[in-house]
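Subject: Structure handover

Hello,

I am passing on the structure we spoke about. Please open it next to this email and follow along.

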Amino acid sequence: MQASLIRARELRKLYRKGLFGGEGFPALDGVSLEVGRGSVFGLLGPNGAGKTTMVKIFLGLVHRTHGEVEILGQSCEDASVRRRIGYLPEAHRLPGYLTGRQMLRLFAQMSGCAKSEIDDRIEKQLELVGMRDAAGRKISEYSKGMQQRIGLAQALIHEPELVFLDEPTDGVDPVGRMAIREIVLRLKNKGVTLFLNSHLLMEVEMICDRVVILSRGKILREGTMAELTPRTGSVRFELKQVPADLASLLAGIGSALVPQPGGFELALNDDAELDRCIDRLRSAGVSIRAVQPRKLSLEEAFVGMLKDQGGPR
Amino acid sequence: MSPTVRALFLDAYYQVLDNKVFRILVVLVIVLVLPTFVFGAREEGFVILFGMKTVPWENLAWLVGHNSNPDLIVEKFQELVVGGLAGTIGILFSIAATAFFVPRMLEKGAADVVFSRPVGRVALLFARYCAGVLFVAILAATLVVGMHVGLLLVSGRSDPAFLWTILTIVYIFALVHAVSVLVGVITRNSVAALLVTMLFFTLNGCVHNIWILSDYAREQGDLARNDQDPDAVHEDKVPPILYHSLDALHFTLPKTTDADLIVRKLRRVITERPALLEDGVTGTSVLESPEGFELEGATGKRDLEHEPARWKASAGDSGASLVLRREARLLDGKRRSKYTAAKALAAQVTKSGATIVASPDFEPGPGLHPEMVCWTESTGGSAPSCATGFLSLGDWMLVLEVRARENAGRELQSLVQRMRLDENDPRGMDPARWYERKLSWTGPLRHNIFFSIGSSLVFALLLFLLAAWRLKRIDF
């Protein structure tokens with residue numbers, strides 16, 4: 001891993017209840033984390049797991065109860081570090097009295113962009129999120145999807161090194177979703193580190209290099225996508241025509257044969273068994289269209305991990 | 001100005017312009033300014049549309065009285081619009097229009113976007129506070145400058161000091177807006193901020209008016225005891241704790257009701273003409289000589305106790321004279337009021353065989369209430385008419401003596417009106433007038449303008465700091 005952009009140690013956050021700060025509940029309970037430069041980092045967890053709290057602590061929006069956080073080599077309480085951070089919050093509310101262009105100018109200025117660069121940056125971001133035509137309209141007139149796209153533009157207007165995206169595709173149609181995914185990948189290719197918080201596990205699976213799964217304020221699992229979604233051992237065969245005597249044809253090879261429309265799934269112990277299986281099918285004149293080793297989807301892995309832990313809070 | 005600060009102010013400006021209540025208020029302001037361009041008050045009468053039609057003042061006697069004075073009419077109109085409407089109803093409207101500024105910034109979703117920027121929370125809060133003040137400043141400036149230009153062009157009246165009222169309105173609002181900001185941060189609710197601020201504005205005004213009345217009553221009681229006047233001495237049944245509580249509230253709360261008086265005093269400092277004569281001890285000034293009279297001796301500062309001012313008739317009534325002098329109120333160990341002095345003189349005059357005559361109806365200027373004795377001397381066919389007026393000023397009594405061929409009372413009246421004497425005797429004075437007299441740049445703490453402004457600003461600052469402290473602790 002390259003140099004860490006985010007380094008959190010024993011992070012705890014206790015939300016207190018009532019006027020006098022009576023006993024509350026721990027949103028984060030001893031989380032330690034490191035995020036490397038140039039990666040797309042996925043943050044998963046059930047509702048109330050502490051994902052948003054963690055991101056907000058990194059941004060100085062929530063005060064931590066205990067622990068240390070270093071963002072881009074500075075304390076997260078230092079406002080100047082936020083010059084290098086972009087943030088698209090979940091369910092954000094941008095100032096409706098401004099037009100898209102005015103809002104981008106406001107946030108560019110607030111983020112300390114040089115006056116000479118602001119116009120270029122605004123046009124560039126509007127182009128990136130496909131909002132150039134609507135930039136002169138007031139934000140209050142935007143649809144949910146447009147608000148999400150202009151929100152993404154405000155998060156990127158100052159060309160940050162680290163971007164936190166909290167449910168970036170929430171409320172966006174499939175085409176817009178794909179466009180946002182492309183933007184994220186483009187940013188990744190430019191070396192921007194992204195921290196993605198999403199409930200859409202497929203999206204996370206497609207984009208993220210590393211994933212952290214949080215539950216009940218603790219890290220349940222952390223790793224690369226390959227580590228979190230291992231092969232199951234099963235192989236799916238797609239055939240031109242499924243023979244009627246499939247079970248007898250494959251007798252003695254692997255286990256747990258599951259016939260499926262257009263093929264079957266078979267648990268195999270090793271590659272030798274896979275070769276034998278293909279040989280049997282071919283010798284019986286069966287045309288094989290595809291052979292696909294089956295691995296766990298992120299969703300299956302995620303649900304499995306939560307079940308093992310006893311379910312969400 | 002740094003780009004960040006400029007951005008915050010620009011944001012505030014856009015927020016203000018987008019505000020619907022602001023637009024309504026702009027329309028109302030235009031409605032108030034427009035008449036000053038359409039109608040005018042000139043010497044010749046009430047002018048409509050740059051002289052298209054002129055209605056003589058005599059025809060409007062039912063509305064403005066017989067002694068119509070265009071300056072006075074313009075002044076009353078200004079006071080009604082700026083002091084009455086803008087200073088009270090306008091402030092309440094402005095509270096309603098700006099109460100949401102802070103709570104909306106702190107709403108979930110909005111706060112995340114704004115506070116994740118490299119700008120401190122306190123700076124953002126201050127920008128929102130300024131947005132509110134800017135809101136009112138724009139409206140007040142439009143109203144006052146608009147009226148000023150209208151009155152100048154159509155009525156031919158220009159009082160640059162009137163422009164100071166912009167400051168009054170902005171000052172009052174800046175004090176009240178701090179309450180709105182604090183409540184907005186604590187509750188993060190626009191309705192709560194609006195209601196609490198309106199309630200505060202109203203109650204704060206009540207507290208100060210009650211405090212003025214109580215302070216006035218206390219001083220009246222003290223004076224009566226000092227004068228050993230059994231008719232005026234009443235047993236004070238109010239528990240002292242109540243007075244102390246009122247004092248504590250007065251010293252703590254912002255003194256919004258003082259703003260108008262302070263500006264009036266500032267205006268006076270700016271517009272007052274140099275005096276013809278000034279008493280070095282009481283500070284009482286005489287602006288000009290009464291019509292038909294000439295001052296004997298030098299103009300400027302003098303001690304009226306040892307060097308009384310004398311006027312003699314410039315033509316016609318060669319025997320007529322006016323004298324203004326000062327004497328101690330303490331006489332034979334007793335402190336005299338203007339009433340007791342007049343009573344004693346009347347007895348003396350009667351004893352000398354002169355005939356007391358009724359004093360003319362007096363329409364004095366603000367605060368001028370001399371106690372008068374008028375009489376006719378019995379010296380044959382053409383008995384001269386005499387009048388003496390008493391005005392008490394702290395430990396001093398100003399005595400005005402007039403001797404004329406006839407109707408000396410009217411001459412005295414004319415003298416007083418032209419002289420614009422200060423009257424500092426608080427006995428029987430109207431409480432509002434009394435407080436206006438008391439409030440001064442050099443007075444004791446409870447009546448000191450610097451303290452009034454300073455303590456009010458400190459109050460607003462404390463509320464703002466409290467709001468900033470609370471904001472810094474919020475977990476969004």
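Below is what was found, taken chain by chain and then helix by helix.

Please keep in mind throughout that this is a predicted model.

Chain A as a whole

Chain A contains ten helices and 14 strands. Its C-alpha trace spans about 75 × 50 × 35 Å along the principal axes. Of the 313 residues in chain A, 40% are buried. If you take the contacts in chain A with a separation of 6 or more, 67% of them are between residues 24 or more positions apart.

The domain assignment splits chain A into domain 1 (4-227) and domain 2 (231-295). The centres of these two domains, taken over C-alpha atoms, are separated by 45 Å.

Where chain A meets chain B

How many residues of each chain are in contact with the other chain? On chain A there are 26, and they touch 22 residues of chain B. Helix α2 (residues 100-110) of chain A gives the largest share of the chain A side, with five residues. By class, the chain A side that touches chain B consists of 13 nonpolar, eight polar and five charged residues.

Helices α2, α3 and α4 of chain A

Two packed helices are described by the angle between their axes and the distance between the axes. Two pairs in chain A can be read this way.

The first pair to look at is α2(A) with helix α3 (residues 115-129) of chain A. Their axes come within 10 Å and cross at roughly 125°. Angles from 65 to 115 degrees count as roughly perpendicular and those over 145 as roughly antiparallel, so α2(A) is oblique to α3(A). The crossing of α2(A) and α3(A) is right-handed. From α2(A), the contact uses Arg101(A), Leu104(A), Arg105(A), Ala108(A) and Gln109(A). From α3(A), it uses Ile118(A), Arg121(A), Ile122(A) and Gln125(A). Sorted by class, the contact of α2(A) with α3(A) holds four nonpolar, two polar and three charged residues.

The other pair is α3(A) with helix α4 (residues 144-156) of chain A. Here the axes come within 9 Å and cross at roughly 140°. That angle makes α3(A) oblique to α4(A). α3(A) passes α4(A) in a right-handed crossing. On the α3(A) side, the residues are Gln125(A), Leu126(A), Leu128(A) and Val129(A). They meet Arg149(A), Ile150(A), Leu152(A), Ala153(A) and Leu156(A) of α4(A). This contact of α3(A) with α4(A) has seven nonpolar residues, one polar and one charged. Gln125(A) is listed in the contact of α3(A) with α2(A) and also in that with α4(A).

Chain B

In chain B, the domain assignment gives domain 1 (3-208 + 449-473) and domain 2 (283-419). The C-alpha centres of domain 1 and domain 2 of chain B lie 47 Å apart.

One residue of chain B is worth finding on screen: Ile356(B), which is in strand β12 (residues 355-357) of chain B. Why does Ile356(B) count as partly exposed? A buried residue needs 20 or more other C-beta atoms within 10 Å, and an exposed one has 12 or fewer. Ile356(B) has 14 C-beta neighbours inside 10 Å, so it counts as partly exposed.

Apart from neighbours within four places in sequence, Ile356(B) is in contact with Ala346(B), Val349(B), Thr350(B) and Trp375(B). Ser94(B) is 262 residues away from Ile356(B) along the chain, and the C-alpha atoms of the two are separated by 59 Å.

Regards

Conventions
Residues numbered from 1 in each chain as written. Chains lettered and ligands numbered in written order. Predicted model: local features only at pLDDT ≥ 70, side-chain atom pairs only at ≥ 80, totals over all residues. Domains from an automatic or database assignment. Contact = placed C-beta atoms within 7 Å. Helix = DSSP H or I, 4+ residues; strand = E, 2+ residues; numbered from the N terminus. Nonpolar A, V, L, I, M, F, W, Y, C, P; charged D, E, K, R; others polar. Axes fitted to C-alpha atoms, helices over the stretch in contact; angles between N-to-C directions. Parallel < 35°, antiparallel > 145°, perpendicular 65-115°, else oblique. Left-handed = near helix turned anticlockwise from the far one by under 90°.
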